Every structure is written in C-alpha cells, then in structure tokens.
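Got your viewer open? Let's take a walk through this one, selection by selection.

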2 protein chains.
Amino acid sequence: MTKIIDGKAVSEQIKQELAVKTELLKSEKGITPGLALLLVGDNPASKVYVGSKERVSKELGYHSLVVKLPDTASEEEVLEYIKKWNNDPEIHGILVQLPLPKHIDENKVIMAISPRKDVDGFHPENFGRLVIGLPGFVSCTPAGIVELIKRYDIDVKGKHVVVIGRSNIVGKPIANLLYQKRDFANGIVTICHTGAKDISKYTLDADILITAIGVPNLIRKENIKEGVVIIDVGINSIPDSTKKSGQRLVGDVDFEGVKDMCSAITPVPGGVGPMTIAMLMQNTYLSASGEVGF
Amino acid sequence: MTKIIDGKAVSEQIKQELAVKTELLKSEKGITPGLALLLVGDNPASKVYVGSKERVSKELGYHSLVVKLPDTASEEEVLEYIKKWNNDPEIHGILVQLPLPKHIDENKVIMAISPRKDVDGFHPENFGRLVIGLPGFVSCTPAGIVELIKRYDIDVKGKHVVVIGRSNIVGKPIANLLYQKRDFANGIVTICHTGAKDISKYTLDADILITAIGVPNLIRKENIKEGVVIIDVGINSIPDSTKKSGQRLVGDVDFEGVKDMCSAITPVPGGVGPMTIAMLMQNTYLSASGEVGF
C-alpha cells in the first residue's frame, strides 16, 4: 500500500522533458542553455559532482563550460570568472561547486553571482524572492522536493508539515515554500531542529515529515503516525561489512522500520538525491528560456 | 502575575537611546543619520504615518527629508527620487510609504531601493539575508517583536512558537527569525494561517503565540494554554458606541478574556504598534553608523 517515491525515475523523466524542450528552444529561438561550472581544488566528492553536472548538461544538449582551478587559486581569480560569466550572454547559469578552499570567502563568491544566473538559488536575493513569493531561482534540493510532491500528487493543503533541520539549502527553503498559498503547498509548517527538547512531540503529529538533519535512524516507527508521507533528505554513510566499500548510504529515517506505516516515502538512495541535478538543469533551462525572468 | 508588555515605554526608551547615540555619531564621526521619506498621493493614513516618521526623526536629531508627490506622479518620477537618494551619501535610509497609487508597480519601486538603504527591510535581498542569517535590515514590525522579546527576557529557546499569519511584513519574517540559532531565538516555529482546518490545534500547544492576521477576537481563552506568552500584532477597528469616534482598536486576541492565563501579553494599542517607528529609526541609525553594513 505504501507508495515508494521514485526520485530516480522522476529525475530521468524531467531530464527527457528538458532535452525535448531544449531542442525546441534551439530550433525556435536559437538559444542554447549555457551552464558554467567552477571547481576549485581537489576535493574528490566535488570532482564527482562537477563531473556529473557536466555530463548531464551535455546529454541535454546544453552548452557547458567547466573551469578547474588549483586550490591555490585566489579569491580574485574566482571573482574574475564570475564577473566574466555574469556578462556573457551565452551563459545562463553559473555554479561554483562548494566547499571552496578556506582562504576564499564563500559568501562573497555566492553574492558575486548575478541573481539572474544563480541557478543554485543560494544568493540572498533569490532566497528572499522564494520567501516573498516572487519569481526567482529555488535551490535544487527544495525544488526537487516540490517536484516530487507535484508529480506524486501529494496533498499538502491544510496538512501539518514538519521539517526537521534548518539548513540554508534544505530546511529553511522547503519550510518557506510549503506554507505559501500555492497549488502545491498551503500547509501548516513547523520547523524543528536540534534545539527541541523532544522532536517526537512534533514528528508524531506530522502528516508530512521532511527530514534533513544528517542523523541515521533518527526517525523510527514510534516517532510517526499511521499514514504519514515521509521525504527523507538525509544522506548518511554507515558501516556495512556486507558491502565491498565497507559502508552504505542511509537517510535520517529507519526506512525498513517505518515504511509500512507511511502512505508514501522516499528511499535513500534513489529518493530526493537524484532530483538535485535534474533541478539544476531545470533552473538553467528556465534561465535560458526566460521563464524565470526578473 | 501577568506581565503586560509595554511597547510604548520600550519604544520611548529606544528613542532616547538613539538620540544619545546620534549625538555621539555626529560629534565623534561627523555623521548625521539621514532618512528620506516619499509620500505619493493623499491617503490620509499614509499622511499621518509619514508625518509621525518625520517628527520622530527630527526629535532624534536626524537629517530628514520628505518629498510629497501628487497621486498623478509617474513611476519614473518615483524611481528618479530613489535613484538620487541611492547615490546621496547624506541619505542612509529610504522609505517609500505604501500603498502606492495603482498605476505604480510597488515591487519595482521596492526593488529599486538599494538594499543598503532599505530601512523598511522589504527588498528581497534583505529578506533573504534575514532568512540566511546574514547582516541586513530586518523589517520594522518583526524587529520590534524581537526587541520586546529581548527587553522582557522572554525565553524562546526550545519553546513552541506558533505564528498565525503569513504576511511578508510580519508572519514570514518573525517566523524565520525565531527558529534561528541565535540568543533571542532557537524556538520550534509553526507558521499557521487561514489554510488550517482548525487553528486551535496549534494555538493550544503554543508556548509563545504571535498573531498577525487581522481578525478581532480570533484567539480566546479556550484556544490557549496556561502560561503562554502572547504577542498580538493585529490592529483591528471595531464599532464602539461609547467612543466619540464610534470605534476603537483591538488586536487579534480577546485581551480581557485571556490575559489572566498568560505569563506575558502585549496590549493593543500600546504593544507592538509603537515599536515600529522606533525600529525604523534604529535601522536608519544602524545604516548611518555602519553597524549594519554589507
């Protein structure tokens, strides 16, 4: 009875849709979505992420540009690239892979990106636009959650949505999206975090529970009510001697323990995770097509 | 036993503090806080508000500048003034009194104000800064609520804060301030609104209840729990034949009915209301002194 929300399948579908729309944008308007990716240093995870973003953008027919700088690169060098791309009409989206080396001020770099090309949605102006309800770029993970809510017809209206976690990239934006008077939203939203004496007081009442806190097995069956929808944004690596790598990925929720109680749930991996790159591509497309214009 | 939160007294104290600090800023750094106020049209309430803002800024020793345009003024004219003040080093704060005549795009006007001089805190960049937790201008009503929380030593940490109303000027910003990991905050925040089937489910659990919805007597004693702190931001005019004007102001809360159950409560009038102008003056001072700089 439990719906398993298949983020991998949805993200593949979105990418197929984007490839078709990109063909049309090229043939009808002569516009090719352009994404500039900047990687500074040798962080192995960052290299993998940038590689995936480059690969997918090419699959969709985008113009993609990757600049890799050594971790000795100066803040000025990074800002120079951003300035150049801000003024380049062939670039519609700029992404600086985080984290940056310590000698570079991340906030300064994020704020140097034109809000009109900030497809990661990290600039305060885009954050403010999201909260106010103005057109702008929504950061990729919350945008992915909204897309799953829409495509699985999850009814948020009047429901109690409990968000665990108050990060700038997940908790805050998704909480601010889901109380708004919009078709996919209009929920009563509680934002809960490590400052709570007892989070189960809140999770037990949740109709929709969104966890983004990075604690494996934080949510077990005794913390939820029958019929809840769970969106698990946690990605935690735990030891697993049955795996060649000696570890495996789990979310913040004890998936096996809770799944029969849920009306719907996202697995980890394969739930929210795969949506992120798809949403980056969608934001880049929306920037190129002018559908998110301001 | 109930503490009546006296916003009038606190606002007077803040204004006195600002007058002293302004003297120092002038004598030590040669800086006079400058506030530019723009009024378009003949809305009687707007005229009163702008008049009060002008009077208080003069009392505090600010350089204040009021421009009144007829309601036939064009959007371009309004934008011209903003552009001039954005570039005027003697102006540290710009306030355009809302509402504007219908032929002028309010969003466009608000966004034309430099975020660095947006002492009303309405620009999306300042809104985003508030949510992210970066330095910026917090809009006056939520800033006033935070000031009352601080000066009355209301303990928000780990408490369930229920905000009724999701407006851009009160509900959204105060909700986003009070869940943050900051000394005056760190609450578990629920944002509730007209989309809820039954708001009393949420209000009954509130340790701190903030109402900003504009419905007289929405909250009665059967909707709250013993010991709650109530911040009533509603300002509603109701008929009252005992008054010369035939009406009086009340909040969203049945003050007389609930006050003995509360540990603290703001009256209407005399609670949050008087804080607004004080916070506008504080924002203007902080802009002039560079304490809020970005």
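What follows is a tour of a predicted model, going from domains to sheets, helices and the contact between chains.

**Domains of chain A**

Start by colouring chain A by domain. The assignment gives domain 1 as 29-114 and domain 2 as 140-273. Drop a pseudoatom at the centre of each, using C-alpha atoms, and you should find 30 Å between them.

**The three-stranded sheet**

Now select β2, β3 and β4 of chain A. These three strands make an open sheet in the order β3-β2-β4, with parallel pairing. Since β3 (63-69) and β4 are the edge strands, each with a single partner, one side of each has no neighbour in the sheet. Going from one strand to the next, the twist averages 15°.

Zoom in on A:A36 for a look at both pairings of β2(A). On one side, β2(A) and β3(A) share seven bridges in the parallel sense, and the partner of A:A36 there is A:L65. On the other side, β2 (residues 34-40) pairs with β4(A) over four bridges, again parallel; here A:A36 sits opposite A:I94.

Stay on β4(A), residues 93-96, and show side chains. Which way do they point? A:G93 and A:L95 go one way while A:I94 and A:V96 go the other, and all are buried.

Next, add two helices that lie across this sheet. Helix α3 (residues 75-86) of chain A crosses β2, β3 and β4, running at about 180° to β2(A). Helix α10 (residues 275-289) of chain A lies across β2 and β4, at about 145° to β4(A).

**A helix crossing**

Hide the sheet and select helices α1 (residues 7-29) and α6 (residues 140-151) of chain A. Their axes come within 11 Å and cross at roughly 95°, which makes α1(A) roughly perpendicular to α6(A). Where do they meet? A:G7, A:V10 and A:I14 come from α1(A), and A:E147, A:L148 and A:R151 from α6(A). By class, that contact has three nonpolar, one polar and two charged residues.

**A buried loop residue**

Jump to A:V253, in the loop between β10 (247-250) and α9 (255-258) of chain A. Is this residue buried or exposed? Count the other C-beta atoms within 10 Å and you get 33, so A:V253 is buried. Beyond its neighbours within four places in sequence, A:V253 is in contact with A:T211, A:I219, A:I230, A:D232 and A:V258. Try a C-alpha to C-alpha distance to A:A212 too: 9.9 Å in space, with the two positions 41 residues apart in sequence numbering.

**Where the chains meet**

Bring chain B back. The contact takes 28 residues from chain A and 28 residues from chain B. On the chain A side, the elements giving two or more residues are α5 (124-132) and β6 (188-192), and α5(A) gives the most, with eight. That side divides into 12 nonpolar, nine polar and seven charged residues.

Now zoom in on the two β6 strands. Three bridges join β6(A) to β6 (residues 188-192) of chain B, and the two run antiparallel. Label A:T190, and you'll see that its bridge partner is B:T190. From B:T190, step onward into chain B: B:V162 stands opposite, in the parallel pairing of β5 (residues 160-164) with β6(B) over five bridges.

Finally, zoom out and select the whole sheet. It holds 12 strands, open and mixed, in the order β1(A)-β11(A)-β8(A)-β7(A)-β5(A)-β6(A)-β6(B)-β5(B)-β7(B)-β8(B)-β11(B)-β1(B). At the edges stand β1 (3-4) of chain A and β1 (3-4) of chain B, each with a single partner strand, so one side of each is left without a neighbour in the sheet.

Notes. Residues numbered from 1 in each chain as written. Chains lettered and ligands numbered in written order. Predicted model: local features only at pLDDT ≥ 70, side-chain atom pairs only at ≥ 80, totals over all residues. Contact = placed C-beta atoms within 7 Å. Nonpolar A, V, L, I, M, F, W, Y, C, P; charged D, E, K, R; others polar. Pairing = 2+ DSSP bridges. Buried ≥ 20, exposed ≤ 12 C-beta atoms within 10 Å, placed from the backbone. Axes fitted to C-alpha atoms, helices over the stretch in contact; angles between N-to-C directions. Parallel < 35°, antiparallel > 145°, perpendicular 65-115°, else oblique. Domains from an automatic or database assignment.
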